Structures are given as C-alpha cells and as structure tokens.
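Please look over the sequence and the structure shown here before reading the report.

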Amino acid sequence: QAMARFSTVEPGGRQALSDMVDVVFHRAGHILGSSIVEFGVKNGGAQKRFVFSGDLGRYDSLLMRDPEAMTGGADWLVMESTYGNREHEDKDPRPHIAALVKKIVETKGVLLIPAFAVGRTQEILLILRDGIKDGSIPKVPVHLDSPMAIDATETYCKYTDDQRVPHDHKGGKGCAFFFGQLELAQSVEESKRLNLMPGPRVIVSASGMASGGRIVHHLKNRLPDP
C-alpha cells in the first residue's frame, strides 16, 4: 500500500505539493538519486526558501557527477554534518589500491574490502576494472559477496544519468561495473565457498563499517592467517 503512494520526480522540475508549498530536487552527487531538496513556502504573501541537504558527493568523483550548485540563496539551510569538523584528503585512491593488490599477488594473500553496498562498492569495482584494464593492477580474481551490493550494482547499470562513467549500454554485460575477473557470490553457499579458496584474490563485501553482513565472517576466517 505504501509503495503505491510513491511517484517519480525528475531533478530540476518544480512540483506543487499544495497551494502554499512546492518542491524542487537538485542532484547531490552522493549516491544514485540522492538530492538536495528545495522547498518554496508561501506565507502571508511572502515566499520563503528552505533548502535541505543530506550527504553531498565530492567534486571530481570517479563515479558520480558533481553536486549541483544552489543559486539564489535560501532563507533557511539545513545540512548534514557527518564530517562537519574535518576535511577529507584530496587524494587519488587508485595508486593505494593498486599497491595493495600487488602486495597480495606477491604474497598469495587475500585482500578484504569492506564496502557500503550502495555507492562505495560500485566505485571500488570501477577502480579494480580500470586498473586491471590499463595494467596498473595485476589480473586477480575479484569476488563481490553481497546480495544487496549485487542488486545495487545492477541498479547503477540501469540508471546512468547521475554518473560520469561511460557504459556500453544500460544494464547487462555492457555495464562498466562487470568485468572478466569479477565473480558474484549471491547465495550463502557461494559465500562460504570463498573461505576455502586460496589467494591471491580480492573479496569485496558489506557492510562498509564491518559491523555486520558477510564481511564479518570473512574477517573472522582470514584475519588469523598471517
């Protein structure tokens, strides 16, 4: 019943919610579909602008288009503040990941990457794919072990407008996130089978905070092995 109440709204188009309130969504560049929400509220003949932002993406992301700049000001601005008291390093992650993969290839180890199913997993897959393609990362089996991340990746393949990634076509094998070395572990049995596989290989799994999900089992299995 709840799902039937949803409707799709394109970014940039103003939608009337009532005679007094309208809303516009602006791309936030964080994950697929994430938006800055701008409300226009009429009050006694005057119009006030309320702008609300959840997480914002970085500029020059490998995956997502830049957040849209807000113009015209706002009477009220509400923002998330996860990193409000510090700055991110402006550092390219690709050389660091390439060095880690080279190390596990040399030592026949297994690189475990805890990654959020939506957004971060797709960025990691992109880095691995491009690195293997241009030779900066050695060819190595890569396993995506998270049903939610697999579903999210297929959604990223289908809806490409927010992304700066070129896809051969929408969905299917032409999608930029699926490449020759990638294997998907959908079932519990497939996930458990990874425990028996020797290195070198890369396992990408959720959750990103390593506080739950299949990554916890991989950490428990692999960390005691020097």
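The report turns to a sheet and its helices, then to some features of the backbone, and lastly to a cavity.

**The sheet and its helices**

The model is predicted, and in it an open sheet of 4 strands follows the order β6-β9-β7-β8, with parallel pairing. The edge strands of this sheet are β6, residues 110-114, and β8, residues 182-184, each of which pairs on one side only. When direction is ignored, neighbouring strands of the sheet are turned against each other by 20° on average.

Within the sheet, strand β7 (residues 142-145) pairs in the parallel sense with strand β9 (residues 201-205) over 4 bridges, and D145 has S205 as its bridge partner in β9. Helix α5, made of residues 214-222, packs on the sheet and touches β6, β7 and β9, while its direction makes about 150° with that of β6. Helix α2, made of residues 120-134, lies across β6, β7, β8 and β9, and runs at about 160° to β9.

**Features of the backbone**

Two peptide bonds in the model can be set out side by side, each with its omega angle.

| Peptide bond | Form | Omega |
|---|---|---|
| G199 to P200 | cis | about 5° |
| A206 to S207 | cis | near 10° |

P200 lies in the loop between α4 (188-194) and β9, whereas S207 is found in the loop between β9 and α5.

The phi angle also deserves a look. For D60, a residue other than glycine, phi has a positive value near 60°, and this residue is found in the loop between β4 (46-53) and β5 (76-79). Is D60 buried or exposed? The relative accessibility of D60 is 67%, and therefore D60 counts as exposed, since the term applies over 50%.

K108, again a residue other than glycine, has a positive phi near 55°, and K108 lies in the loop between α1 (94-107) and β6. With a relative accessible area of 59%, K108 is exposed.

**The cavity**

How many cavities of 30 Å³ or more does a search of the whole structure find? The search finds 1 cavity of that kind, and the largest cavity has a volume of about 40 Å³. Among the residues that line the largest cavity are R27, A28, G29, H30 and I31, and the lining also includes M64, R65, D66 and D162. Divided by character, the residues of this lining are 3 nonpolar, 4 polar and 4 charged.

Key: Residues numbered from 1 in each chain as written. Predicted model: local features only at pLDDT ≥ 70, side-chain atom pairs only at ≥ 80, totals over all residues. Heavy atoms only, no water. 1 Å grid on protein atoms, 1.4 Å probe; cavity = no way out; pocket = protein on both sides within 12 Å on 5 of 7 lines; lining within 4 Å. Points joined across faces, edges and corners; volume = space filled by probe spheres on them. Nonpolar A, V, L, I, M, F, W, Y, C, P; charged D, E, K, R; others polar. Pairing = 2+ DSSP bridges. Helix = DSSP H or I, 4+ residues; strand = E, 2+ residues; numbered from the N terminus. Axes fitted to C-alpha atoms, helices over the stretch in contact; angles between N-to-C directions. Contact = heavy atoms within 4.5 Å. Buried < 20%, exposed > 50% of the residue type's maximum accessible area, 1.4 Å probe, protein only.
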